[in-house]
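Q: I'd like a close look at one part of this model, near the end of the chain. Please take me through it piece by piece, and then look briefly at what else is worth a visit.

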Amino acid sequence: MRDTGRKAEQRSPTVVCLKEVCFQAVRKHFAALATEAVLDLPTPLIKDLLRHLTVCQLDELQPALNQRGISTLSGWLGVLQDMCGPKHVIEQHTEEEAKHEVMRMLFTLVFYGFTNPFVKRNITNLNTPSFLWAAAKCIRHFFLSTSLHKRLQGLTAEERPLLNLLEKRIRSVGVSQCIDLSKRKTQTALYVLHRLLDHGVAKELVVHAKCPIVLAWLLHGRGSQYRNPELMNLMHSQKPSCVSPAASASADRASCSPGLETRMSEDQDDEVTPCKRSKLDSVSVEEEESRKANLTVDPQLLCQTFSPCDGPSAVACPWGQIDCLEIRQCGSDSLRVLNSALPTFSCLRSLTLHSISTFRDSDVLDLARALRQLSDSSCSSLTDLCISILPYTKLVVILLDASPNLTSLHVTIQNVMWDPRFSQHRPRTAESDKSELPLEKLTVKVAELQTDLHFITSVLRRSPHLTSFHIAGIRLPTGSSQSRLLATLSESNHFLRSLNLEDMNLSDCLPEILNLLRDCKLEELQFNDCRLLEKWSNKEESLQQLVAALKTVPTLHTLSLAQNRLAKNVCVLAELFSGCSPSSVRRLNISSNFIQPAELLEFTNRLRTHRPPHQLTLDLRKNPGDRDPETWNTAMRGLRPFCVLLFEGWTSTGTMSDHISNM
């Protein structure tokens, strides 16, 4: 028996090695084997094989495997781990989430010819039309890089079928660089935009470049019920060579040939639509020089230039609508362009504006006036507004009053000095303090030396339908307390489902926190960097009171106590799952709490005694596990049977500096 055992031990490495060789052979000769050969394998063997397959092979096998009840999630997660490195925390929980993330990351790299270590290792499997086709079926966002003109040109010629597919699939388009409308070579990028925005299903636009002329071109005709003359005048006046005088007159007559309107049905995705050469190939020298001298960038005329075939009759080009607009570098010039479009932008549902520097209060007031005109038109669809960076907190109230139909508002405020001139800009104070708001989601991130808490509590009182509230960075005068904020939430916001309080001092607010939890229906609760234990005389006993209150909230599934210096007191959290009514929390974040290996081991032992009723996702990032790796790994092994662990490598020096910086 002993000899047999020794022989088995000696053979096992060889068996494993042979298995790996077979998996590599399947990967290499997959086309010859066909999917049927793989599907005939036993289920455990298929699951082991998944992590060895290429992206295209996983994509090809997925439908058939799903019919057998086998998920390809482990394969997609393996690709993500290979792409991002072993220390990267992967939070995709479903097959489709993981697959989309892989395809999203790889499509842009491969399409534009960028590279990274993963692409280099797998270039023979990725640099193929079949991969681009598979990825294009999956992705929903197209990143347009105008500097890589030749790559985009392929979409108007030999890769036109890929553009046809992207036109059907892409819902969001990102413009990464400024486009010079006067240059002939940029017409390709404009044409691709026209196809995706006007002929396709894309209704979301993300503008990364600080380029008001291009923004005017993008907004013109794609939001209002009629074309905005102010935007057209801007393009005429600032770039005279960009738009011919005949452009406006000919725009309505401009057409796209029937060939361009061809759509591939869902069951014909792999068919290639035959097409003729681009019209550019047959343009005479005289016509080309004439076009350069009298260049037009009207989207309708772009289709005449790049039309794939000469149809016997012309069909008018559509004008797509933009539902969601995000401007990443929104300066004063871009804001003026936007403000001229907003009053008639009736289809716009979501607007996001980011500025590297703080917006001037005059710019924000101009925006508020444009929003007011839009809301007064009674045709407004705008419900979501995100803007950063505002100069004053009280501008939030002006924006809410200007757009009273908002259900979601996200603002970032950064100011170190109060400007007394602001008071003259605030209209209708009395009635604005009384009118009810339909807000359901509110996020306020503040970077002020001191914040007037009244403006926040007044907005909360006006928002009885609020379901999600996130506030960060509130600083109050010495001696003041955040208890008034918590009391307002308890009194006025009974429908809260998600509460995130971040970077604020709640160390003297335990009674108000317990009162808030008493009758709430919270599903997500986050107290991140809130100095919870700082003033508690008996930290363990007070934390036990908090845990007892949390257990009374049956709807709570996500709890975060990150960066609160729990340290040795983390063991108390294991009691969340003790007793006859354990907590329903499925996701617990205790990252950045300076938890030592011995303390985690004690937490593990207690949690094994009081096992969570559901699999628990436990975030342990940024804790000093390297202080005693053996003990830390023992604790991790004890948690793995009933926890999904989120942990990345961290050094004690980094943890200590982070800990001290927040003391």
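What kind of unit do strand 16, helix 27 and strand 17 make?

A: Happily, that part has a clear layout: strand 16, helix 27 and strand 17 form a right-handed β-α-β unit. The model is a predicted one, so local features need pLDDT of at least 70 and side-chain atom pairs pLDDT 80 or more, while totals for chains, interfaces and linings use all residues. Residues are numbered from 1 along each chain as its sequence is written, and side-chain values use heavy atoms, with hydrogens and water left out.

Helices and strands here are DSSP runs numbered from the N terminus (H or I of at least four residues for helices, E of at least two for strands). A crossover is right-handed if, with the strands pointing away from the viewer, the path from the first strand over the helix to the second runs clockwise.

Let's start with strand 16, which spans residues 616-619. Leu-616 and Leu-618 point to one side of this strand, whereas Thr-617 and Asp-619 point the other way, and all are buried (buried is under 20% relative accessible area, exposed over 50%, partly exposed in between, with a 1.4 Å probe and protein chains only). Strands pair if DSSP finds at least two bridges between them. Strand 16 has a parallel partner in strand 17, with four bridges joining them, and Asp-619 stands opposite Leu-646 of strand 17. Strand 15 also pairs with strand 16 in the parallel sense, over three bridges, and there Arg-587 sits opposite Thr-617. A second right-handed β-α-β unit is made by strand 15, helix 26 (residues 597-609) and strand 16.

After strand 16, Arg-621 lies in the loop that leads to helix 27. Arg-621 counts as buried because its relative accessibility is 18%. Its side chain makes a polar contact of 2.7 Å with the side chain of Asp-619 (a polar contact is a pair of N or O atoms within 3.5 Å; within protein, one must be able to donate a hydrogen and the other to accept it, and residues adjacent in sequence count only if both atoms are side-chain atoms). Asp-619 thus takes part in this contact and also stands opposite Leu-646.

Next comes helix 27, residues 629-639, with Arg-637 in it. Arg-637 is exposed, because its relative accessible area is 54%. The side chains of Arg-637 and Thr-634 are joined by a polar contact of 3.2 Å. The C-alpha atom of Arg-637 is 9.9 Å from that of Leu-601, 36 residues away along the chain.

Strand 17 brings us to the largest pocket, whose volume is about 490 Å³. Among the 22 residues lining this pocket, Leu-77, Ile-90, Val-644, Leu-645 and Leu-646 are the closest to its centre. Helix 5 (73-84) and strand 17 (643-646) are the elements that give two or more residues to the lining, and helix 5 gives the most, with four. The lining divides into nine nonpolar, eight polar and five charged residues. As for terms, a pocket is an open set of points on a 1 Å grid over the protein atoms alone where a 1.4 Å probe fits, with protein on both sides within 12 Å along at least five of seven lines; lining residues have an atom within 4 Å of a point. The volume is the space filled by probe spheres set on the points, which are joined across faces, edges and corners. Ala, Val, Leu, Ile, Met, Phe, Trp, Tyr, Cys and Pro count as nonpolar, Asp, Glu, Lys and Arg as charged, and the others, Gly among them, as polar.

Elsewhere, strand 2 (residues 172-175) and strand 3 (residues 204-207) run parallel and are joined by four bridges. The chain passes between them through helix 12 (residues 187-199) in a right-handed β-α-β crossover. Four bridges also join strand 3 to strand 6 (residues 324-327), again in parallel. Helix 13 (residues 212-219) is mostly covered, with eight of its eight residues buried. Just after that helix, Gly-221 takes a positive phi of about 80°.

Two backbone details round off the tour. Ser-388 and Ile-389 are joined by a cis peptide bond, with omega about 20°, and Ile-389 belongs to strand 8 (residues 384-390). Ala-567, in the loop between strand 14 (558-560) and strand 15 (587-589), has a positive phi near 45°. Most residues other than glycine have a negative phi, and most peptide bonds are trans.
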